[in-house]
Amino acid sequence: METFMPVGMHASIATVAGYTGATRTPAGYCQAQRTRFRATPLAITFASNPRTKASNRSTGISCSLSTTNETNRRKIVLGAGLLAAAGLFPSEAFALAGGRFASVVKDAVDANVTASWEQVLQAMLHDAAGGVNGSLRFELDRPENKTLKAVVEQVTAVKKAIDADEMMLAPISWADALVLTGLTKTTAVFKAAMCTRMKEGQCELAYNAYGNKPPNPKLGRVDADAADANGLIPALGSSSSEYRALFERLGFSKTELCLLAPALTGDYDAGIALLREDPELAKVLDGIEKGKKDLTRTSYEVNFFNAFLKLSYKGAKFDRTVKLF
């Protein structure tokens, strides 16, 4: 089965992904997509993927269709989006844009999580301070984590629901469940923000065509069986300088700190207000706010997802041998 998916990372690029059949070469496949989404000027490249699809021994490939013309770009992305809306999604099982596992995760989060996306992001930051390993579960007695008990309980319920699904060959780690919960909640908020700018009844089509889809996070994080060292997270009520020092220690830039501002307090507005105490960070925040005014908010959302992924990998150890599904 051929699969199509737009990528929102660059204004001029959409990616068409699929599998070659016995009589189709990667070059021939990409040329077929050039014909399907014809626009001028249009440059096409392809990259063979060493993975194979066991059901038909086909080779996975992807073709990047690019153009500097905005009208042509929208034709390409809209065409890919319409196919995505029809249920033709990437083959990676864990892709949050589609697939069986994606549905399991979304259902588990929708059914069990009432915490806001900012609160889940705050839990991720507190866990990441010593490495994303689920140690937060053992640190709820610490003052800086007193507001996160409900988040931990809800992520635990998400993990339980995912593990109980018949497709799972092994349980996911608590740390993986935390990351998937955060990404699912954030994606829903970003989609809702875009849909508020669309006419009634056009949300799904517009999002599939132009929305910035979440990245596919690596899974297999190894859980800790005890708490991490104390004192890694600033106390409640700390200043912007203390949080800036934390992010510098973790290897984040000023822009990444500002993008992840909701993680500081578990509240978007409060996190932004805190960082605006620093004049240098206030200028960075002003630039980010400008990016949010774009119709698709591509610059802001793609940069946020990149910062999110960086946080989700911070200090994490992965078990490369585990087969989850």
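These legends accompany close-up views of helix packing and internal cavities in a predicted model.

**View 1. Helix H5 packs against helix H6.** Here we look at residues 149-164, which form H5, where the helix meets H6. The two axes come within 9 Å of each other and cross at roughly 105°. Because angles of 65 to 115 degrees count as roughly perpendicular, H5 is described as roughly perpendicular to H6. On the H5 side, the contact is made by Val152, Val155, Thr156, Val158 and Lys159, and these meet Trp174, Ala177, Leu178 and Thr181 of H6. Sorted by class, the contact of H5 with H6 has 6 nonpolar, 2 polar and 1 charged residues.

**View 2. Helix H6 also packs against helix H7.** Follow H6 (residues 174-195) along to find helix H7, which covers residues 203-210. Their axes lie 10 Å apart, and the packing angle is about 115°. That makes H6 roughly perpendicular to H7. The crossing of this pair is right-handed. To find the contact, pick out Thr187, Lys191, Met194 and Cys195 in H6; their partners in H7 are Cys203, Glu204, Ala206, Tyr207 and Tyr210. Among the residues of the contact of H6 with H7, 6 are nonpolar, 1 is polar and 2 are charged.

**View 3. Helix H4 meets helix H13.** In this view, H4 (residues 117-128) packs with H13 (residues 298-313). The angle between them is about 40°, and the axes are 10 Å apart. That makes H4 oblique to H13. From H4, the contact draws on Trp117, Leu121, Met124, Leu125 and Ala128, while H13 brings Tyr300, Phe304, Phe308, Leu311 and Ser312. The residues of the contact of H4 with H13 comprise 9 nonpolar, 1 polar and no charged.

**View 4. The largest cavity has a volume of about 80 Å³.** The structure holds 2 cavities of 30 Å³ or more, and this close-up shows the largest cavity, at about 80 Å³. A total of 14 residues line the largest cavity, and those closest to its centre are His126, Glu139, Arg142, Leu232 and Ile233. If you are tallying the lining by class, count 4 nonpolar, 5 polar and 5 charged residues.

**View 5. The second largest cavity holds about 30 Å³ of space.** Look for Cys258, Leu259, Pro262, Tyr268, Ile272, Ile288, Lys292 and Tyr300, which line the second largest cavity. Helix H9 (254-259) and helix H11 (268-275) are the elements that give two or more residues to this lining. By class, the lining of the second largest cavity has 7 nonpolar, no polar and 1 charged residues. Tyr300 may look familiar from the previous helix view: this residue of H13 takes part in the contact with H4, and Tyr300 also lines the second largest cavity.

Key. Residues numbered from 1 in each chain as written. Predicted model: local features only at pLDDT ≥ 70, side-chain atom pairs only at ≥ 80, totals over all residues. Heavy atoms only, no water. Axes fitted to C-alpha atoms, helices over the stretch in contact; angles between N-to-C directions. Helix = DSSP H or I, 4+ residues; strand = E, 2+ residues; numbered from the N terminus. Parallel < 35°, antiparallel > 145°, perpendicular 65-115°, else oblique. Left-handed = near helix turned anticlockwise from the far one by under 90°. Contact = heavy atoms within 4.5 Å. Nonpolar A, V, L, I, M, F, W, Y, C, P; charged D, E, K, R; others polar. 1 Å grid on protein atoms, 1.4 Å probe; cavity = no way out; pocket = protein on both sides within 12 Å on 5 of 7 lines; lining within 4 Å. Points joined across faces, edges and corners; volume = space filled by probe spheres on them.
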